[in-house]
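Q: Could you walk me through this model before I set anything up? I'd like the helix packing, then the salt bridges, then any odd spots.

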Amino acid sequence: MSLNILLVSDTMIKDRTAIHGKIDPKLLYPDIKIAQDMYIHPLLGSALYTKLQSLISTNTIAGAYKTLLDDFVADCLVYYTLTDLPTTISYQFWNKGVVRKLGENTDLPSMSELVDLANKYKNRAEFYANRLRLYLRQNAAEYFPEYINPGNGIDTIVPDGRSYSCPVYLGNEDVKKDRGYESWYQGDKPNC
């Protein structure tokens with residue numbers, strides 16, 4: 001279940017990035033929520049994700065969970081949010097359709113520049129996602145039992161051990177195993 005509880009605030013995003021402080025928070029909230037649901041939830045798994053949301057909603061987050069949120073989840077979520085933000089802020093829905101906002105004395109970036117900017121932030125987000133994943137793997141047994149036991153319902157999201165994405169298909173992993181790549185195949189399997 002995905003509650004409408006954000007793990008980071010619009011103020012945190014503005015403080016940690018080059019986002020202008022006068023951007024309407026209403027424009028940031030949907031991208032924070034979608035980044036949480038699409039990227040952070042699969043990294044944490046259902047039980048740990050729900051636990052963090054519960055602790056935030058009751059304002060009782062402390063100890064290892066606060067460290068997890070402040071030192072690992074926040075940076076990852078901030079940069080995943082920025083991945084989608086360039087187009088969200090540039091294009092808005094109005095009663096006459098989708099409009100690209102223009103400011104006074106501004107030069108508009110091309111779509112390829114917006115894509116490059118989004119890719120830059122995605123690289124940063126994946127870096128922080130890898131740190132988050134490694135931190136959880138190292139500390140789950142002692143501090144985060146929810147990571148190890150994400151639940152067993154049909155809608156349970158099991159934590160994803162991969163942090164990086166690769167748009168290139170490199171073949172079937174079983175073929176790699178059959179061809180003598182056992183040492184690579186064991187342990188952490190990279191996504192690409």
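**Helix packing, salt bridges and a few single residues**

A: In this predicted model, the axes of α3 and α4 cross at roughly 105 degrees and come within 11 Å of each other. That angle lies between 65 and 115 degrees, so α3 counts as roughly perpendicular to α4.

Q: Which residues of α3 and α4 make the contact?
A: From α3 the contact takes Leu 48, Lys 51, Leu 52, Leu 55 and Ile 56, and from α4 it takes Tyr 65, Leu 68, Leu 69 and Val 73.

Q: And how do the residues of that contact divide into nonpolar, polar and charged?
A: Eight of the residues in the contact of α3 with α4 are nonpolar and one is charged, while no polar residue takes part.

Q: Ok, α3 itself then: how many residues has it, and how far does it reach from its first C-alpha to its last?
A: Helix α3 covers residues 46-57, which is twelve residues, and its first and last C-alpha atoms lie 16 Å apart, close to the 16 Å expected at 1.5 Å a residue.

Q: Which residues of α3 are buried, and what covers them?
A: Ser 46, Leu 48, Tyr 49, Leu 52, Gln 53 and Leu 55 are the buried residues of α3, and the elements covering them include α2, α4, α5 (111-143) and α6 (145-148).

Q: Zooming out, what does the secondary structure of the protein come to?
A: There are eight helices and two strands, and from the N terminus on the elements run α-α-α-α-β-β-α-α-α-α. The protein has 192 residues, of which 35% count as buried. If you take the contacts between residues at least 6 apart in sequence, 69% of them join residues at least 24 apart.

Q: Salt bridges next: how many does a search of the whole structure find?
A: The search finds five salt bridges, and three of them can be described here, including the one in which the side chains of Arg 16 and Asp 75 meet at 2.6 Å, N to O. This pair links distant parts of the chain, with Arg 16 in helix α1 and Asp 75 in helix α4 (residues 63-90), 59 residues apart.

Q: Are Arg 16 and Asp 75 buried or exposed?
A: Arg 16 has a relative accessible area of 34%, so it is partly exposed, whereas Asp 75 counts as buried because its relative accessibility is 16%, and the cut-off for buried is under 20%.

Q: What about Asp 10 and Lys 14, how far apart are they in the helix?
A: Asp 10 and Lys 14 are four residues apart in helix α1 (residues 10-16), about one turn of the helix. Their side chains meet in a salt bridge of 3.8 Å, N to O, and both Asp 10 and Lys 14 are buried.

Q: And which salt bridge does Lys 33 make?
A: The side chain of Lys 33 meets that of Asp 37 at 2.7 Å, N to O. Both residues sit in helix α2 (residues 25-44), and because they are four residues apart, about one helical turn separates them. Lys 33 counts as buried at 15% relative accessibility, while Asp 37, with a relative accessible area of 24%, is partly exposed.

Q: Switching to odd spots: which residue has a positive phi although it is not a glycine?
A: That is Asn 59, with a phi of about 55 degrees, and this residue lies in the loop between α3 and α4. Most residues other than glycine have a negative phi. Asn 59 has a relative accessible area of 70%, so it is exposed.

Q: Last topic, α4 again: what does Thr 83 touch?
A: Leaving out residues up to four places away in sequence, Thr 83 touches Ala 118, Tyr 121 and Lys 122. Thr 83 belongs to helix α4, and its C-alpha atom is separated by 4.4 Å from that of Ala 118, although the two are 35 residues apart along the chain. Thr 83 counts as buried, at 12% relative accessibility.

Q: And Pro 86, where is its place?
A: Pro 86 is also in helix α4, and at 11% relative accessibility it counts as buried. With residues up to four places away in sequence not counted, Pro 86 touches Leu 114 and Leu 117, and 9.7 Å separates its C-alpha atom from that of Met 111, 25 residues apart along the chain.

Notes
Residues numbered from 1 in each chain as written. Predicted model: local features only at pLDDT ≥ 70, side-chain atom pairs only at ≥ 80, totals over all residues. Heavy atoms only, no water. Salt bridge = Lys/Arg side-chain N within 4 Å of Asp/Glu carboxyl O. Buried < 20%, exposed > 50% of the residue type's maximum accessible area, 1.4 Å probe, protein only. Expected span 1.5 Å × (residues − 1). Contact = heavy atoms within 4.5 Å. Axes fitted to C-alpha atoms, helices over the stretch in contact; angles between N-to-C directions. Parallel < 35°, antiparallel > 145°, perpendicular 65-115°, else oblique. Nonpolar A, V, L, I, M, F, W, Y, C, P; charged D, E, K, R; others polar.
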